[in-house]
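Visitor: Could you walk me through this structure, one question at a time? I would like to hear the reasoning behind each answer.

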Amino acid sequence: MEETPAWRPEARGYVGAWSAPQEARAGPSLFSVLNELPSAATVRFRGPGVLPWGALEEQDEDDKRQTQAFMEADHMDLQDPRPSRELPWPMQARRAHRKSLAQNQMARGAGSRADWARKLRRCRQKIRESWRSLRPWAWTLNKIGGQFGAGTESYFSLLRFLLLLNVLAAVLTACMTLLPTWLEGAPPGPPSLGVSSHCGPYNPNPQGLLSFSSQIFNLLSGEGYLEWSPLFYGFYPPRPRLAITYLCSVFVTGLLCLLLILHRSVSGMKQTLLAESGTLTSYSHRVFSAWDFGLCGDVHVRLRQGTILFELQVELEEAAVRRRATGRTLGQEARVWLVRGLLNLLVIGLLGAAFYGVYWAMETSVQLQEEPFVQQTALLKLGVNYLPSVFISGVNFVLPPVFKLLAPLEGYTRSRQVIFILLRTVFLRLASLLVLLFSLWKQITCEGNAEAPDCKACGYNYKELPCWETRLGQEMYKLLIFDLFTGLAVMLLIQFPRKLLCGHCPGALGRFLGTQEFQVPDEVLGLIYAQTVVWVGSFFSPILPLLNTAKFLLLFYLKKFTLFSTCSPASRTFRASTVNFFFPLVLLLGLAISAIPVLYSIFLIPPSKLCGPFREEPSIWSRIPESILSLPQAAQSVLFFLGSQAFAVPLLLLSSILMAYTVALANSYGRLISELQKQVETESRNKVFLAQRAVALSSAPGGL
């Protein structure tokens, strides 16, 4: 017979010795001692009618009596008035609780107030579930998340969110811009050939019979018959009410997008904070709390199993990376940081070369458009017009894979690698767009020199750009069209042939190509880049959100077909909670960048004198003060007060005070949570210590 080792006071945190068998102990067992601890009601409770954790079928008489008393007391909890769904019990106990409540309600009568409250609560819950089920592609997203991981699902969720933003923007544009244009009468046509002003002639519709190639060129470049159409800014007539609604639609759309993105960012930030804190990322949470016991059907069960498998894979991979990082020596750590510094210098050099190339392509395109041989050849003219778009798309196609190859060399976790790839790619895409806009700004404003001969008469370069707003809209329109064509070309010419070669070439060629994976960072940045282009061009091309809605709708089904037909699940996944917060943050950055050229155009650049609803105005914004002056005196006083320093300074002070109070309150809550966590850990160690002490005393000769 084995003897129980002597209890050692230095053993803390875990039981340091095995207990003696039941027949060899004179005192109570470890099970009975733990049941008497204060935490037994919370740690060991599994619901009424269910044996507590650690209760074995073979127990002595004392243990059986204690367990029977424990279960008899548990049956009293069946009278808990709370709904079964809110109780932290297993499904067996919840069914018993629901059956007990139903019997009690039938005994009291069906017309009681509690019964009506229960029916109302159930009705509200069904309404919420129905509303949740009405979200488009909910089942498709669940299927994608179960087969390819939550990271791939986050891409399609973001695509659905952007589709919603574009639908709202298109509806607002139709109600505030298109309808007022025709409600006040048919809009006038383009300026006639004989009409001229001090800002030069403007003839957007050349007369004569056009060939088929010219029609295609006009469709792809936005010139010709499309230049004087509702697609672009120059079409809209100079009517006072239309000018106000046109400008207000831009601000309302931007504000609505800002609020929706902030709402999505805040909800994603909660998940990210919980994930980074480690509260919901422990393996015990994934194993014991991640399963949904309400699932019905083999398909749903397999999808949920796949989701949990991907989450555990992410946790294991990141834990391995962190474990290797903690085991590095000082020399290894210095070598890692040296490699990171060199790689970042290489990335900066590549980005600088890309930005210079975009600037060179824009300047070369402007110079070549003036050449006679380019004007005479429609195809060559189309290529010259698309030269900046082609170069930007080429850079965005070549450099992101390079960033992806460099990211694993830096020694970060998979989620951190995705964030760095996103940062570098979004900087590449959005900065390339800014370089293009800077080149257009130089052309419009004569490099910022208002006294230049071409800009002195009208405030902008009227000789080259008689309607500069339409020219900006055309550039954004070409970027949108070319981005769509690039995506289709990659899908048809690269992804599908690679899948065919990989499936039909089992030799060295098939192994070299490998199975392709869905590249979430590249795809997400493509969405954000396309949406930023639309935000920039929506003021100069009001129909652009509607075109982008059709593009995203087509893109969703094409990407879904490509995912299920040509892609395999990712060999290395990443935590979706991180990107669910980071994606809206990058989208918010794109919105802020798009606001810069739009606000600069509204406030500082004089509008065109021959097109648009703001012609003959000193600035686009000047229409707003003129409209305010036509209001009653009381409304004028209120609006001017809201725009004065007497209102702005107290508002800024109040906002600063509230922000400081919120930060201080959050810090105090954080400290309180840390102290409570430490207290919980201390109490758990104390309970284990007391349990070890009680077992040692009861097992010793002459013990209690």
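Visitor: With which residue does K478 form a salt bridge, and how far apart are the closest N and O atoms?
Guide: Happy to start there, with the reminder that this is a predicted model. A side-chain nitrogen of Lys or Arg has to lie within 4 Å of a carboxyl oxygen of Asp or Glu to count as a salt bridge. K478 meets that rule with E475, and the closest N and O atoms are 3.3 Å apart.

Visitor: Where do K478 and E475 lie, and are they buried or exposed?
Guide: Both residues belong to helix 17 (residues 468-504), and a spacing of three residues puts them about one turn of the helix apart. As for their surroundings, K478 and E475 are both buried.

Visitor: Which residues are linked with K478 in a network of salt bridges?
Guide: Here is the general idea: side chains of opposite charge can pair when their charged atoms come close. In this network, K478 is joined by E475 and R471.

Visitor: Which residue does D483 form a salt bridge with, and how far apart are the closest N and O atoms?
Guide: The partner of D483 is K551, with 2.6 Å between the closest N and O atoms. This pair links distant parts of the chain, as D483 is in helix 17 and K551 is in helix 20, 68 residues apart. K551 has a relative accessible area of 6%, so it counts as buried. To come back to your question, the partner is K551 and the separation is 2.6 Å.

Visitor: Are R623 and E617 buried or exposed?
Guide: These two form a salt bridge, their closest N and O atoms being 2.8 Å apart. Buried means under 20% relative accessible area. R623 has 13%, so it is buried. E617 has 8%, so E617 is also buried.

Visitor: How many salt bridges does the count come to?
Guide: We have met several of them, including the one between R623 and E617. By the same distance rule, the count comes to five.

Visitor: How far apart are the end C-alpha atoms of helix 7, and why does that agree with its number of residues?
Guide: Helix 7 covers residues 150-183, which is 34 residues. At 1.5 Å a residue, the helix should span 50 Å, so the distance between its end C-alpha atoms agrees with this: 48 Å.

Visitor: At which residue does helix 7 bend, and by how many degrees?
Guide: One thing to look at beyond the bend is what follows the helix: G185, whose phi is positive, near 115 degrees. The bend itself is at A174, by about 35 degrees.

Visitor: How many aromatic pairs does a search of the whole structure find, and what kind of pair do F156 and F556 form?
Guide: The search finds 20 aromatic pairs. The ring centres of F156 and F556 are 5.5 Å apart with planes at 85 degrees, and planes over 60 degrees apart count as edge-to-face, so this pair is edge-to-face. It links distant parts of the chain, with F156 in helix 7 and F556 in helix 20 (residues 544-566), 400 residues apart. In short, the total is 20, and the F156 and F556 pair is edge-to-face.

Visitor: Are F156 and F556 buried or exposed?
Guide: F156 has 0% relative accessibility, so it counts as buried. F556 has a relative accessible area of 1%, so F556 is likewise buried.

Visitor: What kind of pair do the rings of F438 and W441 form?
Guide: The two residues are three apart in helix 16 (residues 414-444), so about one helical turn separates them. F438, at 43%, is partly exposed, and W441, at 25%, is partly exposed too. Their ring centres are 5.7 Å apart and their planes are at 25 degrees, so the pair is stacked.

Visitor: Which charged residue sits over the ring of F161, and how far is its charged end from the ring centre?
Guide: There is another example to compare, where the charged end of R340 sits over the ring of W337, 4.7 Å from its centre. Over the ring of F161 sits the charged end of R264, and the distance to the centre is 4.8 Å.

Key
Residues are numbered from 1 along each chain as its sequence is written. This is a predicted model: local features need pLDDT of at least 70, side-chain atom pairs count only at pLDDT 80 or more; totals for chains, interfaces and linings use all residues. Side-chain values use heavy atoms; hydrogens and water are left out. Helices (H or I, at least four residues) and strands (E, at least two) are DSSP runs, numbered from the N terminus. The expected span of a helix is 1.5 Å times one less than its number of residues. The bend at a residue is the angle between axes fitted to the seven residues ending there and the seven starting there. Rings of Phe, Tyr and Trp (its six-membered ring) pair if their centres lie within 6.5 Å; planes under 30 degrees apart count as stacked, over 60 as edge-to-face and the rest as tilted. Buried means under 20% relative accessible area, exposed over 50%, partly exposed in between (1.4 Å probe, protein chains only). A charge sits over a ring if NZ of Lys or CZ of Arg is within 6 Å of the ring centre and within 35 degrees of the ring normal.
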